[in-house]
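Hi,

Here is the structure I promised to pass on. Have a look at it first, and my notes follow underneath.

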Amino acid sequence: AHLVANYLEKHSDPLIGEAIAQAFRVKYQYLKEQTLPPGAIMSALYEMVAGAVSVTAARQVAAQALLAYLFESCDIFEDAAQPA
């Protein structure tokens, strides 16, 4: 996640991080409205990044890093419900 953060901080377009987050916000809301379980939502978000076909290990790591960054840094996903 920190590598993604560093990349976005140094990117020539200062709004690229927000544009990426917005794309994931929209996709997440769409998936959530389908009442999919959390695992299916995560799989769909992963597929959005990595693609639906067999991908290289490097692409898998990049996809996981981006998703980790988004979960860690952005308000696009809900926190897990806390037990009462």
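Which residues are exposed on the other side of α4, away from its buried ones? They are A57, A58, V61 and E72. Bear in mind that this is a predicted model, so treat the rest as a reading of a prediction.

Staying with α4: the helix runs over 17 residues and spans 24 Å from its first C-alpha to its last, close to the 24 Å expected at 1.5 Å a residue. Its buried residues are A63, L66, L67, Y69 and L70. These sit on the same side of α4 because they cover an arc of only 155° around the axis. As for what lies over them, the cover includes α1, α2 and α3.

That leads on to the core. The largest nonpolar core is made of 13 residues, and V4, F24, I41, L45, L66, Y69 and L70 are the ones with the most contacts inside it. At least two core residues come from each of α1 (2–10), α2 (16–33), α3 (38–50) and α4 (57–73). It fits the usual picture: in soluble globular proteins, nonpolar side chains tend to be buried together.

The other thing I looked at is how α2 and α3 pack. Their axes are 10 Å apart, at an angle of about 145°, and α2 passes α3 in a right-handed crossing. On the α2 side the contact involves A23, F24, K27, Y28, L31 and K32, which meet I41, A44, L45, M48 and V49 of α3. Note that F24, I41 and L45 turn up here and also among the core residues with the most contacts.

Cheers

Conventions. Residues numbered from 1 in each chain as written. Predicted model: local features only at pLDDT ≥ 70, side-chain atom pairs only at ≥ 80, totals over all residues. Heavy atoms only, no water. Core = buried A, V, L, I, M, F, W, Y, C linked by side-chain atoms within 4.5 Å. Buried < 20%, exposed > 50% of the residue type's maximum accessible area, 1.4 Å probe, protein only. Helix = DSSP H or I, 4+ residues; strand = E, 2+ residues; numbered from the N terminus. Expected span 1.5 Å × (residues − 1). Arc of directions from axis to C-beta. Contact = heavy atoms within 4.5 Å. Axes fitted to C-alpha atoms, helices over the stretch in contact; angles between N-to-C directions. Left-handed = near helix turned anticlockwise from the far one by under 90°.
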